[in-house]
Every structure is written in structure tokens, then in C-alpha cells.
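This briefing introduces a protein structure to a reader who has not met it before. Please consult the sequence and the model shown here while reading the points that follow.

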Amino acid sequence: MAPSMVRKTMTFGEGGLAFVFVATALLSIVAAAKAHDAPFAFHAFLAAAASVAAVFLIFRSYFSRPAELPAQEIDGKPNYDDGATKFATIAAVFWGVAGFTVGLYIALELAYPWLNFDQAWLNFGRLRPLHTSAVIFAFGGNALIASSFWVVQRTCRTRIAGRLAPWFVVLGYNFFIVIAGTGYLLGVTQSKEYAEPEWYADLWLTIVWVVYLLVYLGTIIKRKEPHIYVANWFYLAFIVTIAVLHLGNNPAIPVSFFGSKSYIVWSGVQDAMFQWWYGHNAVGFFLTAGFLGIMYYFVPKRAERPVYSYRLSIVHFWALIFLYIWAGPHHLHYTSLPDWTQTLGMTFSIMLWMPSWGGMINGLMTLSGAWDKLRTDPVLRMLVVSVAFYGMSTFEGPMMSIKAVNSLSHYTDWTIGHVHSGALGWVGFISFGTVYCMVPWLWQKRQLYSLKLVNWHFWIATIGIVLYVSAMWVSGILQGLMWRAYTSLGFLEYSFIETVEAMHPFYAIRALGGFLFVIGSLIMAYNVWMTIRSGEPAALPARPAMQPAE
């Protein structure tokens, strides 16, 4: 019988998306021509170039694909789509190295201010948000997107929803990172912590994030596995809550639709309350809930053990979700925020310690019966140490929210040490471990190029974190004590410049710790590259022997 001929046609998604990007390219060119300031014109030209590239990629994909779209299943097994996951994994490695390097540079600037070379774009005020956005949103965000696309397909046993939509999410998200980062260097900022991008970047991120939510929900809805694994609960909480936070904190009125400047609709103490409701929950749902989704999949997978207590994971989830959202006011102690609000934020922060440690205990106890693997598997060791850092940070955070402690710690380097023990130890290490797990799986390699290099990465980065965090703890407490020291006559005992001078050796130690962490990330990048390029291919499943009649 002659094979049936399928006529090749462009799908609604391909044609519709191509039309949207053609229109976006034309609008971007008009916006660039009418721009009121150079940064806006630059970003409009970038948008036009990216739109043209998107149209080219859509048509190239159309002409290169077969007439029939990829099957959902092959021989009764899910036909997973990991193209966008691969891109996001490599992007996470790239942005990680870039973000850590910028962080090292600004750490050196604080110790040696002449390193700004009197250049505006090298100023600490412009490089600092570049560092935080590159590490949190570029490195961490790509790790979350990559791992969530991997996890949702495997735990639902179905192909990811959409063919172009996952690529739109990954490429669109990274385009947002480029717009935000170049904007900081050019002085385009809303001056809101962790929410610095201007109005047009925020609008684009909103579109990308809605598509991300639809892709994730669409995959879960068409799942073959009846149960929704707990990691997907955490990923969904991360996606939904970040959308709510973004919309609540960032409504702005642009001065002109052809200019980069806008004014936030909130003002005064309301703006502060919205900002730290957003800021703390960006930590709570981007840097905690999302990465707990990673923990609940990759730690059991790597340890080859079931989750210690699935019931505890559900209790952990709901307690964390209900408590975390109200803890933001502890960032505003001793300000014009009403005192009852400050106290309420402190109370929820202290209560938050319990579900946080419930998650830590669940992660660590998953290794019951497999602790010996920590001696031979540095990837698992990195994942487990990240959970330990999570436990430490989620004890220190509630403690620092207590008003009496906060009066000493706030606005000092102690806060910087706390943030980086969580960011480097928890988020950094669990992201590294996830990349090390996923790269051989994605590129079908038997194992990583070198486990010895992973071991070197682990110890160099760990020493770097210890130096960094210890220096900031000592520096912060010293700062707080010097600022509150009075003479017998009631005058301040130390001038501000004296406190700055006292910090210098600790800032140099911090830079050394950051340097070691950067070295570790470079080792990871080399290991990933060599795994992809020359790693030993994984053994394919044995094909059943053919019968003589076949």
C-alpha cells in the first residue's frame, strides 16, 4: 500500500507568531525613529532586530520540519521535547559566570573605589543591579525554566505543551534579561530593588510569563500520570506568585510611549510596602519555592531514594505558601510603616522558620540509607550541602526579623552576608547540582566529563562562600556596633568615614571569596562544555532480537 501523503501547511501557531513578530519589528522601528532618549532608541532597535530574527527562525523551523508534526508518543512512550530546555541550561551557565564576575568586580570596587575609572557605566550604582539581575533572574531564572520543563514532562509522562511556545518562553525571557542589563549600564532604572527594569521591559516580561504559565498548565492538564508530583506544586506556586508580585509592584505611567522614563503609581509608604512585599516574596517564591521544586525532584533522583515523607512535603508546601507572603514588612522596621504592620511581618517571619526547616529535614532525610553516596558523588554532595545552606539561611532570616536584632543588623553588611549565604549556598549550589545532573541526560552522555572537576568546583566554591559570608557577618556586626556607639557626652563616637575605613579588610576578604566562587563557576562551564563536546555517549537500550520471519 502506498504511504499516505500529508500536505505540509503552516500551523496557526507558526503563522500567527510570525505575523506578531513582523508587526513588532515595524512598531519597534517606528519607536526607534520617534525615541525621546538614546537608551530607548537602542532598545527599540534591539527589539526590531530580535523580531526579525524570530521571524527567520520560525520560517526556518517550518521549512526544515517534516509535514507531520512531532508525535506525542513513540512506541507507547512519551516523545519529550527538550530543545528549549537545552538552551535554557546553557544560558544558565553563561549568565552564571557573567553575573558572578560582575559581582566580583563590584566587590573589588567597594574595597578599591578607583576601579570605577570615573566611567558612569562602571559605577557601582549601575553594576550592582546588573549583578543582582544576572545572578537571580538570568542564572537562577534560566535554571528554573530549564529544570521545570524537564521535571514537568517526566513527572507527567507527556510531551511539553506547544511546539513554539517553550522556545518563546526561553528566548523571550533571555531577551528581557538583555534589555534589563543593557538598560542598567545606560542608566535606565526604576530604582526599585530587584525590580529595576523600566515599563516596556516589564510589559514584555508579563507577556513571556503568561505564556510560561500556559505552557506549564497545559502540560499538567494533558498529563498521563494521574498524580501531580509535589515538585510541580512548588513550580506552579513560583510561576503564579511571581506573576502576582510583578503586576502588583510594577504598575507605572510612562512619561511618553517613546521614552524610557516612567513613574510608579504608588507613592510614599504605600510604595515601600508594595516594594518589600514584592522584594521579600521574590526571595520567597523565586529563590525558594522554585528551587524547592528542584530539590524535590533532583535530590531523590540523584540519591536514588524516595522522598523521605511525602506527607511532610505537602504540609511543607501549604505552610510555606500561606506564611511567606506576609513576611515582607520585616524589611521596614523602624520606618514610617505602621508599627502593627512591622510587628505582623516579624511574627509571620518567625513562624516561617518551622515550614522552612520542615523542607530542609525532608530533603536531608531523603538520603536515609544513601549517605555513603556523598563520598563518591560530588554532584549529590553539592545538592545536599545546598539544602543545609537553605536550613541555615531560613533560621538566620527569622532571627534577623526580630526587632531587637534588626536594630543592629539592618542596613549593615550582616544583611549582605545573610543574602549571600542563601544565594550562593542554597540557590547557587542547587543550581550547579541541577546543571550537572541535566547536561548528561539532555545530551545523552553516560556521565559528566569529569567528576573530579565537580569535586574541585565544590571545595573551591565552598571555601569562597565561607570567606564571603564570615567576612560580612563580622563586618556587619562591627558596623552596627560602631554606628550605635556614643561618647560620655552623648555624641557619636565614630564618624561615618571611620566606619567605612574599618570595613576595608573585610571587603578585601569578601572579594577573595567571590573570586573563588567565580573560579568554581568557570570550572563548571568547562566541565559542561567538555561533556557536551566529547563526553562518552550513553548506552542505548538493547533492541529485542528480530525473529527469522522478520
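In this predicted model, Arg 154 lies over the face of Tyr 80, at 4.2 Å from the ring centre. A second charge placed over a ring is that of Arg 381, whose charged end sits 5.4 Å from the centre of the ring of Phe 458. The points below turn to aromatic pairs, salt bridges, a helix and two backbone angles.

**Aromatic rings**

- The structure holds 48 aromatic pairs. In one of them, the ring centres of Phe 175 and Trp 204 are 6.3 Å apart and the planes stand at 90 degrees, so the pair is edge-to-face.
- Phe 175 belongs to helix H5 and Trp 204 to helix H6, so this pair ties together parts that are 29 residues apart in sequence. Trp 204 is partly exposed, with a relative accessibility of 22%.
- The rings of Phe 274 and Trp 277 are also edge-to-face, because their planes meet at 85 degrees, with the centres 5.9 Å apart. Both residues lie in helix H8, three residues apart, which is about one turn of the helix. Phe 274 is partly exposed, at a relative accessible area of 25%.
- Phe 458, the residue beneath the charged end of Arg 381, also belongs to an aromatic cluster. The other members of that cluster are Phe 100, Phe 139, Phe 389, Phe 429, Phe 432, Trp 459 and Phe 517.

**Salt bridges**

- The structure holds 11 salt bridges. One of them joins Asp 81 and Arg 159, whose closest N and O atoms are 3.7 Å apart. This pair links distant parts of the chain, 78 residues apart: Asp 81 is in the loop between strand E2 (77-78) and helix H3 (83-111), and Arg 159 is in the loop between H4 and H5.
- Asp 81 is buried, with a relative accessible area of 16%, and Arg 159 is buried as well, at 9%.
- Lys 192 and Asp 271 meet through their side chains in a salt bridge with an N to O distance of 2.7 Å. Lys 192 is in the loop between H5 and H6 and Asp 271 is in helix H8 (residues 268-303), so the bridge ties together parts that are 79 residues apart in sequence. Both Lys 192 and Asp 271 are buried.
- Glu 304 and Lys 373 form a salt bridge at 2.9 Å, N to O. The two are 69 residues apart, with Glu 304 in the loop between H8 and helix H9 (310-324) and Lys 373 in helix H11 (residues 373-376). Glu 304 is exposed, with a relative accessible area of 62%, whereas Lys 373 is partly exposed at 22%.
- Glu 14, Arg 65 and Arg 163 are joined into one network by salt bridges that share partners.

**Helix H2**

- Helix H2 (residues 38-64) has 27 residues and spans 39 Å from its first C-alpha to its last, close to the 39 Å expected at 1.5 Å a residue.
- At the start of H2, a side-chain oxygen of Asp 37 comes to within 2.9 Å of the backbone nitrogen of Phe 40.

**Positive phi angles**

- Arg 157 is not a glycine, yet its phi is positive, at about 55 degrees. Arg 157 is located in the loop between helix H4 (124-156) and helix H5 (165-185), and is partly exposed, with a relative accessible area of 39%.
- Tyr 194 likewise has a positive phi, near 65 degrees, in a residue other than glycine. Tyr 194 lies in the loop between H5 and helix H6 (199-221) and counts as buried, at 13% relative accessibility.

Note on methods
Residues are numbered from 1 along each chain as its sequence is written. This is a predicted model: local features need pLDDT of at least 70, side-chain atom pairs count only at pLDDT 80 or more; totals for chains, interfaces and linings use all residues. Side-chain values use heavy atoms; hydrogens and water are left out. Helices (H or I, at least four residues) and strands (E, at least two) are DSSP runs, numbered from the N terminus. Buried means under 20% relative accessible area, exposed over 50%, partly exposed in between (1.4 Å probe, protein chains only). A salt bridge is a side-chain nitrogen of Lys or Arg within 4 Å of a carboxyl oxygen of Asp or Glu. The expected span of a helix is 1.5 Å times one less than its number of residues. A polar contact is a pair of N or O atoms within 3.5 Å; within protein, one must be able to donate a hydrogen and the other to accept it, and residues adjacent in sequence count only if both atoms are side-chain atoms. Rings of Phe, Tyr and Trp (its six-membered ring) pair if their centres lie within 6.5 Å; planes under 30 degrees apart count as stacked, over 60 as edge-to-face and the rest as tilted. A charge sits over a ring if NZ of Lys or CZ of Arg is within 6 Å of the ring centre and within 35 degrees of the ring normal.
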